[in-house]
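Thank you all for making time this morning. I would like to walk through one structure with you, slowly, and keep to what can be computed from its atoms.

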Amino acid sequence: MTTAGPTPDRGTAPSSVVLPRPPSLPPLLARGALRSPFKRPAPDAPFPRTRLVVPSLRVDLGRLAAYERVCGFATGEDALPVTYPHVLGFPLAMSLMSGGDFPLPLLGLVHTSIDITRHRVLPATGMYQLTVYVAGLAAHRRGTEATVVTELRAEGGDVVWASSSTYLARHRTDGTGAVESPAGAAEAAGAAGQERPPLPVVEEWRLAGDVGRRYGAASGDRNPIHLFALTARLFGFPRAIAHGMWTVARCLAAHGTPPAALVRAEFRAPVLLPGAVAYAADDIGRFELRGAKDGRLHLTGEVLPLLT
C-alpha cells in the first residue's frame with residue numbers, strides 16, 4: 001500500500017500528556033476542519049510526538065449497547081467487541097490529528113487500513129489505561145499516510161489490545177496536479193495490488209439510510225459525510241457513506257473472533273447509504289464486503305488466531 005515505512009524517530013523523545021477522560025469530539029472535528037486549509041502534508045514533515053493517556057477508563061455501558069446493536073454484536077455480554085477500543089481511542093486520535101503540529105489536513109483524510117491485536121477477551125466492566133500516539137508518516141503513491149496507534153492496558157499494565165490505523169492525505173506526488181473525487185480516492189487508497197477472486201458469499205445485507213447516523217450516535221463520529229446525502233455532497237459523495245469502522249465491525253460480528261486474535265482490514269471503496277452489500281468469507285479467516293449488484297469491492301480483511 002505504501003512506498004515507504006513510517007518516518008523514523010529524529011531523536012525527539014516522546015512525552016505523555018495525562019487526561020482525566022477522553023475529550024469531546026465535536027470541538028476537535030471543528031478545530032481540525034478550520035485548520036485543514038493551512039496544512040502542508042509531506043512524508044518528511046514534523047509530526048506530534050505526544051502520547052495522550054487516560055489512565056483510568058471505564059466503559060459507558062449504555063453507549064456500548066448502542067454500538068453493539070448498530071454493528072450486529074450480541075448485547076448484554078461482559079465483553080467488549082473486538083473493534084470497540086477503537087471507539088474509545090478515537091477522541092484522543094482526533095485530538096492529535098486536529099492539532100496545529102499535525103501536518104495532514106483532517107478534511108479529506110481517508111482511513112485506509114486497520115490492524116488490531118487482541119490478546120484476550122476484555123471485560124466490559126473492567127478498568128483500562130488508554131494510550132494513543134502518532135507512530136510516523138510514510139510516502140504513499142497518492143500522498144502521505146499517517147500511522148496512529150491505540151493501546152489498551154489492563155490494571156496490571158500489560159497491553160491487552162492494540163491497533164494501528166493508517167490515514168491518507170492526498171496531494172500531488174508526481175507533478176501532474178491531477179485532482180480526484182473523494183470517492184475515487186477512497187477506492188484508490190486501498191487498491192494496491194491486483195484484485196483477488198471474490199470469496200464465497202455468506203449473506204446479503206440491505207443497509208438503511210440512517211446507518212451512518214446511528215453509528216455516529218453510538219461512536220461519537222458524526223462526520224457529515226456519513227449523516228445525510230446533502231452533507232455528503234459537500235465533500236464529493238453522491239450520498240451518505242457508511243463509516244469504514246462500521247463495515248469492519250459488522251463483518252466481524254458475522255465472522256466471529258477468537259479470544260486472542262490478529263485482525264487486518266483494508267478499506268477499498270465507500271459504501272453508499274442506503275444500499276445493499278454482500279458479506280463473503282472463507283474457512284481460513286478471510287472476509288470481504290462487496291456491492292450486492294455490481295460486485296464492487298468495499299473491504300477486505302482477515303482474522304488470524306494468536307498463540308497464547
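I will begin with the overall make-up, then take the sheet, the helix pairs, one residue in detail and finally one peptide bond.

Before that, some ground rules: this is a predicted model, in which local features need pLDDT of at least 70 and side-chain atom pairs count only at pLDDT 80 or more, while totals for chains, interfaces and linings use all residues. Residues are numbered from 1 along each chain as its sequence is written, and side-chain values use heavy atoms, with hydrogens and water left out.

The protein has seven helices and 11 strands, where helices (H or I, at least four residues) and strands (E, at least two) are DSSP runs numbered from the N terminus. Of the 308 residues in the protein, 49% are buried, and by buried I mean under 20% relative accessible area, as against over 50% for exposed and partly exposed in between, with a 1.4 Å probe and protein chains only. Taking contact as heavy atoms within 4.5 Å, residues 24 or more positions apart account for 75% of the contacts in the protein with a separation of 6 or more.

Now to the sheet. It is an open sheet of 11 strands with mixed pairing, and its order reads S1-S2-S4-S5-S6-S3-S8-S11-S10-S9-S7; two strands are said to pair if DSSP finds at least two bridges between them. The edges are strand S1 (16–18) and strand S7 (201–207), each of which pairs on one side only. From one strand to the next, the twist averages 20°, with axes being lines fitted to C-alpha atoms, for helices over the stretch in contact, and angles running from 0 to 180 degrees between N-to-C directions.

Let me follow the sheet inward from the S7 edge. S7 and S9 run antiparallel and are joined by six bridges, and leucine 207 has glycine 275 in S9 as its bridge partner. Strand S9 (residues 275–281) then pairs with S10 in the antiparallel sense over five bridges, with alanine 281 opposite phenylalanine 287 in S10. The hairpin of S9 and S10 has four residues between the strands, and there glycine 285 takes a positive phi near 100°.

How much of strand S10 (residues 286–291) is covered? Five of its six residues are buried, so to speak of the strand as mostly covered is fair. On the other side, S10 pairs with strand S11 (residues 297–305), again antiparallel and over five bridges, and arginine 290 stands opposite leucine 297 in S11. S10 and S11 form a hairpin as well, with five residues between them, and glycine 295 in that turn has a positive phi of about 70°.

Next, the helices. Two packed helices are described by the angle between their axes and the distance between the axes. For helix H1 (residues 25–35) and helix H3 (residues 84–97), the axes come within 9 Å and cross at roughly 30°. H1 and H3 are therefore roughly parallel to each other, given that angles under 35 degrees count as roughly parallel, over 145 as roughly antiparallel, 65 to 115 as roughly perpendicular and the rest as oblique. Leu25, Leu28, Leu29 and Arg31 of H1 make the contact with Phe90, Pro91, Met94 and Ser95 of H3.

The second pair is helix H2 (residues 61–71) and helix H5 (residues 211–219), whose axes come within 8 Å and cross at roughly 155°. That makes H2 roughly antiparallel to H5. The residues in contact include Tyr67 and Val70 of H2 and Tyr215 and Ala218 of H5.

Within helix H3, I would single out leucine 88. Is leucine 88 buried or exposed? Leucine 88 is buried, with a relative accessible area of 11%. Leaving aside residues up to four places away in sequence, leucine 88 touches Pro22, Leu57, Val59 and Leu130. Leucine 88 and threonine 150 are 62 residues apart in sequence, yet 9.2 Å apart in space, C-alpha to C-alpha.

Last, a backbone detail. The peptide bond from leucine 273 to proline 274 is cis, with omega near -10°, and proline 274 lies in the loop between strand S8 (261–267) and S9.
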